[in-house]
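Open the model in a viewer and keep the selection panel at hand. The stops below are meant to be followed in order.

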Amino acid sequence: MMLIDSHAHLEMPEFKRDLEAVIQRAKQSGVEYIFTVGTEKKDWTRTLEIANSHPSLYAILGVHPHNAKEIDDQTYPTLRELCREEKVKAYGEIGLDFFRNLSSREVQLKRFREQIALAKELRLPIVVHDREAHPETLEILKSEKAEECGGIIHCFSGDYEMAKVCMDMGFYISVPGSITFKNAGSLREVVKKIPLESLLVETDAPFLTPEPFRGKRNEPSYVRYTAEKVAEIKNISFEKVAEMTTENALRVYRLKL
Ligand SMILES: [Zn+2]
Ligand SMILES: [Zn+2]
């Protein structure tokens, strides 16, 4: 039995004290690979360092919509360089966050488009962050022809119709720990309908800690609780969910077993 945490943030300060123990616990829980996402300039070098420190770790680099306003003339040349490193398996997370609006909407829209183009140039799949911006996210994915790079809609929060459009473009849908929350009934209904062939599981650690640990720091070993919930919703075995989500993650990140 093997699991993959398709999305975590191991470079964040929450892991500074015990990163090695966190990685070991993941391994002991069957989490074979962890993809750690560096979301802003100050984190990219550290993200790569962490990915390079362990055979089971890989990196994803890009500029998060929160940080879109920080993009300057140096940003894309720097990313072009860093993303050529062996351990970088996707470009992201990029997208739109109209919940917090830490960068203006105009800037987020512009930088999202630009970064899809950069990912295509780098021949990397994209990891998409979409919070409270479903129609705009879909519009940009379509008009920028994001099916040419494909990738993952991470922490999916849309409805089934949106998932369907994304899957038809070749995207995978990644399910976070919030699927275990009492009030996540509508997300569970959506996941129930999405074929296992298009699903990934993720922690987004240190955020979105699943039950029974909600309220504590999240970590990659907890991705198991999300996979267990997916199995329960779909009325299939945990082993099947582990096997398929692992295969899917290996395929989208272009890794061989
Ligand atoms: Zn995100
Ligand atoms: Zn994230």
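The tour of this predicted model starts at the metal ions, goes on to a pocket, and ends at some individual residues.

**Stop 1: the zinc ion (ligand 1)**

Select the zinc ion (ligand 1) and display the side chains around it. Its coordinating atoms come from Glu-93 (OE), His-129 (ND1) and His-154 (NE2), at 1.9 to 2.1 Å. Along the sequence, these donor residues follow the spacing E-x35-H-x24-H. Glu-93 belongs to strand 4 and His-129 to strand 5, so the pair ties together parts that are 36 residues apart in sequence. Colour Glu-93 and His-129 by accessibility: both are buried.

**Stop 2: the zinc ion (ligand 2)**

Which residue bridges the two zinc ions, ligand 2 and ligand 1? Keep Glu-93 selected, since the next ion shares this residue: Glu-93 coordinates both the zinc ion (ligand 1) and the zinc ion (ligand 2). A distance drawn between the two ions should read 3.4 Å.

Now centre on the zinc ion (ligand 2). Its protein donors are His-7 (NE2), His-9 (NE2), Glu-93 (OE) and Asp-204 (OD), at 2.1 to 2.4 Å from the ion. The spacing of these donor residues in sequence is H-x1-H-x83-E-x110-D. Next, look at the angles among the four donor atoms. They run from 83 to 178 degrees, and the site is irregular. For a tetrahedral label, all angles would have to lie between 85 and 135 degrees. Before leaving, check His-7 and His-9, both of which are buried.

**Stop 3: the largest pocket**

Switch on a pocket display and pick the largest pocket, which holds about 940 Å³ of space. How many residues line the largest pocket? The lining has 37 residues, and those nearest the centre are His-129, Arg-131, Cys-155, Asp-204 and Leu-208. Two of these names have come up already: His-129 is a donor to the zinc ion (ligand 1), and Asp-204 is a donor to the zinc ion (ligand 2).

Colour the lining by residue class to see 13 nonpolar, 13 polar and 11 charged residues. Then colour by secondary structure. Helix 2 (41–52), strand 4 (88–97), strand 5 (126–131) and helix 7 (185–193) each give at least two residues to the lining.

**Stop 4: Thr-36**

Go to strand 2 (residues 31–38) and select Thr-36. Is Thr-36 buried or exposed? Its relative accessibility is 0%, so Thr-36 counts as buried. The cut-off for buried is under 20%. Show polar contacts for the side chain of Thr-36. One, of 2.8 Å, runs to the side chain of Glu-11; another reaches the backbone oxygen of Ala-8 at 3.5 Å.

**Stop 5: Asn-218**

Move to the loop between strand 8 and helix 8 (223–234), where Asn-218 is located. Asn-218 is buried, at 0% relative accessible area. A polar atom of the Asn-218 side chain lies 3.3 Å from the backbone oxygen of Leu-208. Leu-208 is one of the residues nearest the centre of the largest pocket.

**Stop 6: Ile-194**

Finish in the loop between helix 7 and strand 8 (199–201), and select Ile-194. Like the previous stop, this one concerns a buried residue: Ile-194 has a relative accessible area of 0%. Add Tyr-160 to the selection and draw a C-alpha to C-alpha distance. Ile-194 and Tyr-160 are 7.5 Å apart in space, with their positions 34 residues apart in sequence numbering.

Conventions:
Residues are numbered from 1 along each chain as its sequence is written. Chains are lettered from A and ligands numbered from 1 in the order in which they are written. This is a predicted model: local features need pLDDT of at least 70, side-chain atom pairs count only at pLDDT 80 or more; totals for chains, interfaces and linings use all residues. Side-chain values use heavy atoms; hydrogens and water are left out. Donors are N, O and S atoms within 2.8 Å of the metal (3.2 Å for Na, K and Ca); water is not among the atoms, so sites may look incomplete. Four donors count as tetrahedral if all angles lie between 85 and 135 degrees; four count as square planar and six as octahedral if opposite donors are over 155 degrees apart and all others between 65 and 115; anything else is irregular. Buried means under 20% relative accessible area, exposed over 50%, partly exposed in between (1.4 Å probe, protein chains only). On a 1 Å grid over the protein atoms alone, a cavity is a set of points where a 1.4 Å probe fits but cannot get out, and a pocket is an open set with protein on both sides within 12 Å along at least five of seven lines; lining residues have an atom within 4 Å of a point. Grid points are joined across faces, edges and corners, and a volume is the space filled by probe spheres set on the points. Helices (H or I, at least four residues) and strands (E, at least two) are DSSP runs, numbered from the N terminus. Ala, Val, Leu, Ile, Met, Phe, Trp, Tyr, Cys and Pro count as nonpolar, Asp, Glu, Lys and Arg as charged, and the others, Gly among them, as polar. A polar contact is a pair of N or O atoms within 3.5 Å; within protein, one must be able to donate a hydrogen and the other to accept it, and residues adjacent in sequence count only if both atoms are side-chain atoms.
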